[in-house]
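Q: Could you take me through one part of this model up close, the place where the two chains meet, and then show me what else is worth a look?

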Amino acid sequence: MSAPRDEMPDLSGLTRRMDSQDGRRFWQSLDEIQETPEFLAFLHREFPENASQFEDPAGRRQFLKIMGASMALAGLTGCTRQPEEKIVPFVRAPEDMIPGRPMFFATALVEGGYANGVLVESHMGRPTKIEGNPEHPGSLGATDARAQADILNLYDPDRSRTLTYLGDIRVWDDFVAGLRSALDAQRGAGGAGLRILTETITSPTLAAQMDSILKEFPAAKWHQWDPDGAHSARAGAVLAFGRPTDTRYDFTRANVVLTLDADFASAGPGRLRYIRDHASTRKLDGGRTSMSRLYSVESMPGLMGSQADHRLRLKPSDVEGFARALDAALGGDASAGKTWGAWLDPLAADLRANAGASIVMPGEYQTPAVHALAHAINARLGNVGKTVFHGTSAEARPIDQIASMRDLAYDMERGAVRLLVILGANPAFTAPADLDFARKMDRVPLRVHLGLYDDETAELCHWHVPQAHALESWGDARAYDGTVTIQQPLIAPLYPGCKSPHELLAAFSARPSVKGYDVVRDFWRAGGALGADFELGWRRALHDGVVPGSALVPGAVVPSGSAVAPVSPAASAVPGTPPPPPPSGGMEIAFRPDPSIGDGRFANNGWLQELPKPLTKLTWDNAAHMSPGTAKRLGVTLERTARGIQTDIVELQYRGRSVHAPAWIMPGHPDDTVTVHFGYGRRRAGRVGNNTGFDAYPLRTSDALWSGTGLEVAKTGERYTLACTQDHWSMESRDVVRAATLAEYQATPDYARKRSHEPPREMTMYPNYRYEGHAWGMSIDLNACVGCNACVVACQAENNIPVVGKQQVAMSREMHWLRIDRYYAGGANDPETYHQPMMCVHCENAPCEVVCPVAATVHSDEGLNDMVYNRCVGTRYCSNNCPYKVRRFNFFLYADFETTSLKLMRNPDVTVRSRGVMEKCTYCVQRINQAKMEATAAGRGLRDGDITTACQAACPAQAIVFGDINDKNSRVAKLKAEPRAYGVLSDLNTRPRTTYLGAVRNPNPRMPPIPAGEPIDETAAPQSAPGSAHDEAPAPGHP
Amino acid sequence: MSQIFHHSTNTVSRVSIFGALFVIAAALWLTLQFSRSPYATGEGLVRSQPVPFSHQHHVGGMGIDCRYCHTSVEISASAGMPPTKTCMNCHSQIWATSAMLEPVRESFRTDKSIEWNRVHDLPDFAYFAHASHVNRGIGCSTCHGRVDRMPLMAQAASLQMEWCLDCHRNPAKYVRPQDQVFNAAWEPGPDHDGGRLAREYDLKPSTACSTCHR
């Protein structure tokens, strides 16, 4: 597992510094490991060039002249009096609403059709923050980055506000009249010309509405399209079971997990639950000495690959061959392991040894055959019914969406579609390129679009109806396990004309202007699922955020084991050997939704645009990802400049279409493959999302949604600047991340702590302070953190953190209080990956405090490193002196003080910072103070668990724990007493209050060692022939 | 060579050097005094209100408890301002036709809030929690003054940070028995022992910045 030192030549200086006892060396970028002059120059600056000095062409003198004048005038502004304020009480106060205390309402956010159970914090009627619903099976209190950022979508000033017909403002009644007359024309033919296109739907109410429409118009068709939908899973289930089923996993009972291109932490409706369950088997606190083992086969480095104990990078097309070989090997075919021998045999043995307690998980980005094979393997291992469950699909109508879209495009082409109603989807942007959907839409005489934004599809439609945000509308949806949540609105639509999909479909009915509330309520009243006393059941379901007993019982529909039998014939219909290698010279292309903005629907969300993507740390752009070897072969180079990272623009030619994309070198990526993220390149996303990144959809065809061969890549010679945060705030490879194998941990449980030389407490010039009462501290488990970014956005939402834009990010001026550092260890081709959330660690001996000339950062008696904005004069000495690089400076007025809708979004308990002020993590001091006040009001002391920081609350892995370290029974105090606990840079005697639990990996001793030490220079040579890249996994010379 | 400067110049220069020091010191002193003056802090300032609501009448005269109107003072950071409905509980019966109360009735009729002018206005970067104070033996009148004697609400204190810290550094000076918190007329009696109460209530108010600034 460890990387022998001699395999990394030309790194003498670095090696010396990075030398550590277990032989792991951590690095963040290829520049860093090669110690290029650019990187060293970059490192020795606190901020990149121009970030801290003024080099505007206007010139210094001119600048000083202007500044002199404005300073003279600015002095006068200090003479203003505090403006008078009004108090505006209610006329009739709503019951239960207490001014100054937030209320929480359970509802659901729907992504990909599936519900994400949330609790939304409301301040005096304004939703301000989204938290997970602990009672919801898919959330258990956690959220992901997109759910956190959805609050910004609600208040997005670019949202569509008015109902339009051909761009002219109309009212709802006009629309109903227009729709009615078109429907009347259809009535004679039974609706043969009517097509309704939705996204994936799990909503029982919407399904019932659709059913009644289809009953009235029997010849009409309901199409569905989700660019990021479970197309392969659906087809795979049909292949395996003859019908679409959902497969669910119980990671808590799995000792061994194999993912086949399945990044279950970032995709799929059950991801939050899966992260939690999987993390619970990897935590080593409370005296546990064993943990589960994760094997990842990946075509694009993902979050679960970064958690894996063994990771195999394969081209997308090779994964199916691997799955076939594994299936054969488990079936006793000794010759099966020929191709992947070194990897396959120990893996098969490990799976066999854990039959019934293992999971083989197929990924959405693989072929249906891989899904069918995985189902067969799970059945073979006896996992079905124990760790793997097949059950009724939670989707209202699980159809083959690709066929559905083809069908629709064909009907539009031949003029059979007279009325097209599009609910929420944006097919003009997201439909497979070969369908030529946008052009064919032109042939439909009447087109209706319901959407949050006036987007690419709205542009092509006659009618555009602004959609109400999920937090403004009634509805319902199912979670990954089928549990229904009834959505309740937190606020009336900000723009009065907004309609929910239920209200739009109601326009088809006899009650065209019925409220969404009545539609949903009537459905549930008629269904009788809420118990004999409907009112009671309804209120309980709304309060809890789940409809009791609505989960779909797994296994009830599909008998386990035997039903899987058909898979083998189906699979063997395709030749059992690995698929033929791609045409010589051709490369493979893989498509993925963007890790931040998804399929493009979040493109106008500044928080997500600026969120560094989990592994690449790119912001505001997507890129064509390729391995270091492929990049070398293509002559692609990255160059660090003062204003971002310059990269080559490559032309991707694929099936007669081509796009230009900036290239990005991705360690751990398979060779001769390019992965592109779709969702960027929007033309009509809004002011934030327009013209960011490049559009990858034009390359995506309906027969190869996720990957295909025959790509040709050529350097165009043009360069492009990317804003990447991976080396910002670098801590120069000091011993920051600490990791060990399980065996090493068992031998030396305190391996992490042993590596720091913490000075004795007395060794300080300052008098030691005794913390009586509370002493706040935090523990972060590096073994649990998957790097999903939920905490970063949660922090941004909670603490009113502004967005700065691509240019400013490129100059290291991003404002995130919490960043997740991604570290690699080993070679560039197969690195181990570690994520480390890093925010202010609240040092007891804080270096920042002693250098502040105005005492704007001082220590509290509970150990908080306080930041006092109204004292700060912006010298930035504190930031210079912070060894953790966690302080952020408002170089400009980043916070938006103007936009009205955004004012509603702010957390009223946190100051909105102005220009010239330093800021950083406060341990969510507003939550500490609120909890203290509530405890005082209740006449009791604070209890462990009363305070959760925003990052802690969002974390699906429960990696972050906050509390009082003076309370020896608190969770955080116990975690800090764990042998794995260590403080980052604690040898500086900073005594950080945030400590980390070292990472532990659980490698299989029988597996071949990771070819870690492949020297970077040699990656130039393209790896051996496709399909056999890993024959030589045990590199020559390895033990 | 004759002297350029007259002999008296020595005196003038000495006086002006010392004078300058004095002038600078005086300017600083004046600035400080000014910033603490009621003119700058608004202490004692009475603001006009859309309805001339008299705490003297309602609290002093009628004996209505503070919490009848300021309902959330014990459980929330905000004391809460009464909705128009609270006024109308009584004033639909008493003084139901008074011209002075027309804005109240109008608000109730039209469903438009009465817009009161804030009297005790902390800066936006200071976060104050009523519940933390009234539950720990700090009375309303400690900060808001004798509202039972105010025909119109006036700002009772300077609301400057040094005023807050005066109590946070030594709460024994201001603490009162918990059952007297809402008694505006409470005065420390001869047997009042603030130190004992502060110990009894475990009052250790923090003077850390993040207590109020965040």
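A: Start with the strand pairing across the chains: β2 of chain A (residues 86-87) runs antiparallel to β1 of chain B, and two bridges join them. One of the partnerships puts A:K86 with B:N117 in β1(B). Bear in mind that this is a predicted model, with an ipTM of 0.90 and a pTM of 0.89. Chain B has an average pLDDT of 92, and 100% of its residues score at least 70.

Now widen the view to the rest of the contact. On the chain B side 35 residues are in contact with 33 residues of chain A. Along with β1 (116-117), the helices α5 (84-91), α6 (102-110) and α7 (130-134) of chain B each give at least two residues to the side that touches chain A. By type, that side of chain B splits into 14 nonpolar, 13 polar and eight charged residues.

Chain A also has an open sheet of seven strands, in the order β7-β6-β18-β17-β16-β8-β9, with mixed pairing. Its edges are β7 (168-169) and β9 (221-224), each of which pairs on one side only. Further in, β17 (residues 446-451) and β18 (residues 463-466) of chain A are parallel partners over four bridges, and A:G451 sits opposite A:P466 in β18(A). Helix α6 of chain A (residues 172-187) packs on this sheet, touching β6, β8, β16, β17 and β18, and its direction makes about 130° with that of β18(A). Helix α14 of chain A (residues 401-413) packs on the sheet too, touching β8 and β9, with its direction at about 125° to that of β9(A).

Technical notes. Residues are numbered from 1 along each chain as its sequence is written. Chains are lettered from A and ligands numbered from 1 in the order in which they are written. This is a predicted model: local features need pLDDT of at least 70, side-chain atom pairs count only at pLDDT 80 or more; totals for chains, interfaces and linings use all residues. Two strands pair if DSSP finds at least two bridges between them. Two residues are in contact if their C-beta atoms, placed from the backbone, lie within 7 Å. Axes are lines fitted to C-alpha atoms, for helices over the stretch in contact, and angles run from 0 to 180 degrees between N-to-C directions. pLDDT is the predictor's confidence in each residue, from 0 to 100. Ala, Val, Leu, Ile, Met, Phe, Trp, Tyr, Cys and Pro count as nonpolar, Asp, Glu, Lys and Arg as charged, and the others, Gly among them, as polar.
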